Amino acid sequence: MMMLRVRSRDGLERVTVDGSHTTVSQLKTQIQDQLQIPIHNQTLSADRNLLLAKSPEEFLGFTDMTDPNLPICSLNLSHGSILYLAYEGERTIRGGPAVTPAGSFGRKMTVDDLIARQMRVSRQEKSHCDSVSFDRDCANAFQHYVNESLAFAVKRGGFMYGSVSEGGEVEVNFVYEPPQQGMEDNLILMRDAEEEKRVDAIAQGLGMRRVGFIFSQTVTQDKKEYTLSNVEVLLAAQLHAETELKEWVTAVVKLEINEDGGADVHFEAFQMSDMCVRLFREGWFETEIGPQDDPKLSKMKKEVVVGVKDLKEVDNDFFLVVVKILDHQGPLSCTFPIENRNVETTMRALKTHMDRARSLPFVKRISDFHLLLFVARFLDVGSDVPALAECVRLQSNVPEGYELLIDSMANTC
C-alpha cells in the first residue's frame, strides 16, 4: 500500500492506493471513494500552480495527469508525495468541520473559513466577448424612449437578442422589453414565461438567441462614484448566471454631462467577471441591500480575499470587464410599437404599420421583431411562430395563410 498527500483548497488530505503501479484513472477512483469528489470534477497535477487557477478553462492548462492509463510512478510520485487537486462545487469533509489553529494567535478556522480564504477576487483582464455591435435602429429606439419618454427618471431594461461569432463578437439585432417596474434606484422585472417562449420562438426562426441584458441608469446616478451600483451588480450577475453563454453582455445606457454643460446619451458594455458569476451561483452575495449601504460596494456573506485583505465588501469595479462597442445596420426594422411600454399595442397599430409599408413586399412589411411578437399571440408557438420568423430571416414568400391572418387582424379595427 502507498499513501499520497493531496493538497486542495480544503487543505492537505491523504489518499491510500495499491502501489506505484496505480494509474491516474485508479487514483481518481480512490479520490472519489475516499474524499467524496466525483471523478468528472477532478483536475490533478504535480504542479502546485494548479491551486492558483480560478476557472475550469484555466484548469485545462494542467495536462501532466490527464492520461488515465499513466502509472503514477512515471510522475516520480512515491509514498508520502504531494499532488495537487482542483475541483468545482461544494463538498462535505468526512468527519465534519475541521478545526485548525492558524496564525500567531492560534485563531480557530473551520472548513468554511479555509474555502473563503481560497476565494480570491481580482480584476479579470480579458473578457470572453471580443466586442458587441448594436443594430442602430434598435439601440436608438431604446435610448430614445428612456431619454424622451422617461427622461432618465426611472430605470428601464430589456433582453438583447442576436448572434455570437466564433471569434466571440456579439451582434445585437433586437431588444425585448419584458413587463417591469422601473424606479429611480431599482428595476423589478415581472417576467412573463409565456411571452418569453414566444420571444425565443421568434429568435429561433430568425437564427438568433438571447445574448445579454441592457438597462438604463437614472439621471441622479450621474453624480455617483461608481460604474454599477450594488443593486445593478446583483441583477446583472443573476441574469448572467441564468445562461451558459460565456459571451453574455451587460449594456448600460446613461446620461453624461459634456464639455458644454449639456447631456449626452452614452452606451457602455461589460461582462460580469467569471468570479462574480461564480460567487452569485454559489450564494456568496448578500441580497438584502439597505439604504445605509454604500452603493459602490457589494456585500458578501463571508469574507473573500481582495489583494491581501480579507473583506466582506467588494468594490463593484472588480466584477466588471469592459467590452468594446460597435454598431451596424441589422436585418430588422424597429418601427412597430414596442411591447410592455406605457401605451398598450392595439390592432389599430398593426393596421397603421401595414398601411404605411403597403408598397413593400409583404415579408418586408413584417420584418420587425415587435410586430412578430404582437402577431405571435395568435399563432402556435411551437410551429407557426418560428416558421413565420424563418420567412423573415430568409426574406422568402410568406405562406398565404399567415398573410391572410395578419391582414384580417389589421382590418378588424
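This passage looks at a pair of packed helices, the nonpolar cores and one buried histidine in a predicted model.

Two packed helices can be summed up by the angle between their axes and the distance between those axes. Here the pair is H5, which covers residues 193-206, and H11, which covers residues 384-394. Their axes come within 7 Å and cross at roughly 40 degrees. That angle makes H5 oblique to H11, since oblique is the label for whatever is not roughly parallel (under 35 degrees), roughly perpendicular (65 to 115) or roughly antiparallel (over 145). As for handedness, the crossing of H5 and H11 is right-handed. On the H5 side, the residues that meet H11 are Arg198, Ala201, Ile202, Gln204, Gly205 and Leu206; on the H11 side, Val385, Pro386, Ala389, Glu390, Val392 and Arg393 take part. Sorted by type, the residues of this contact come out as 7 nonpolar, 2 polar and 3 charged.

Next come the nonpolar cores. The largest one has 92 residues, and within it Leu279 and Phe319 touch the most other members. Setting aside neighbours within four places in sequence, Leu279 is in contact with Met119, Val121, Trp284, Phe285, Met300, Val304 and Phe319. There is also a second, separate core of 17 residues, with Leu4, Val6, Leu85 and Tyr87 among them.

Finally, there is His370, which sits in helix H10 (residues 369-376). Is His370 buried or exposed? His370 counts as buried because its relative accessibility is 4%, and the cut-off for buried is under 20%. Again leaving out neighbours within four places in sequence, the contacts of His370 are Val175, Cys334, Phe336, Pro337, Ile338 and Glu339.

Methods:
Residues are numbered from 1 along each chain as its sequence is written. This is a predicted model: local features need pLDDT of at least 70, side-chain atom pairs count only at pLDDT 80 or more; totals for chains, interfaces and linings use all residues. Side-chain values use heavy atoms; hydrogens and water are left out. Axes are lines fitted to C-alpha atoms, for helices over the stretch in contact, and angles run from 0 to 180 degrees between N-to-C directions. Helices (H or I, at least four residues) and strands (E, at least two) are DSSP runs, numbered from the N terminus. A crossing is left-handed if the near helix is turned anticlockwise from the far one by less than a right angle, and right-handed if clockwise. Contact means heavy atoms within 4.5 Å. Ala, Val, Leu, Ile, Met, Phe, Trp, Tyr, Cys and Pro count as nonpolar, Asp, Glu, Lys and Arg as charged, and the others, Gly among them, as polar. A nonpolar core is a set of buried Ala, Val, Leu, Ile, Met, Phe, Trp, Tyr and Cys residues joined through side-chain atoms within 4.5 Å. Buried means under 20% relative accessible area, exposed over 50%, partly exposed in between (1.4 Å probe, protein chains only).
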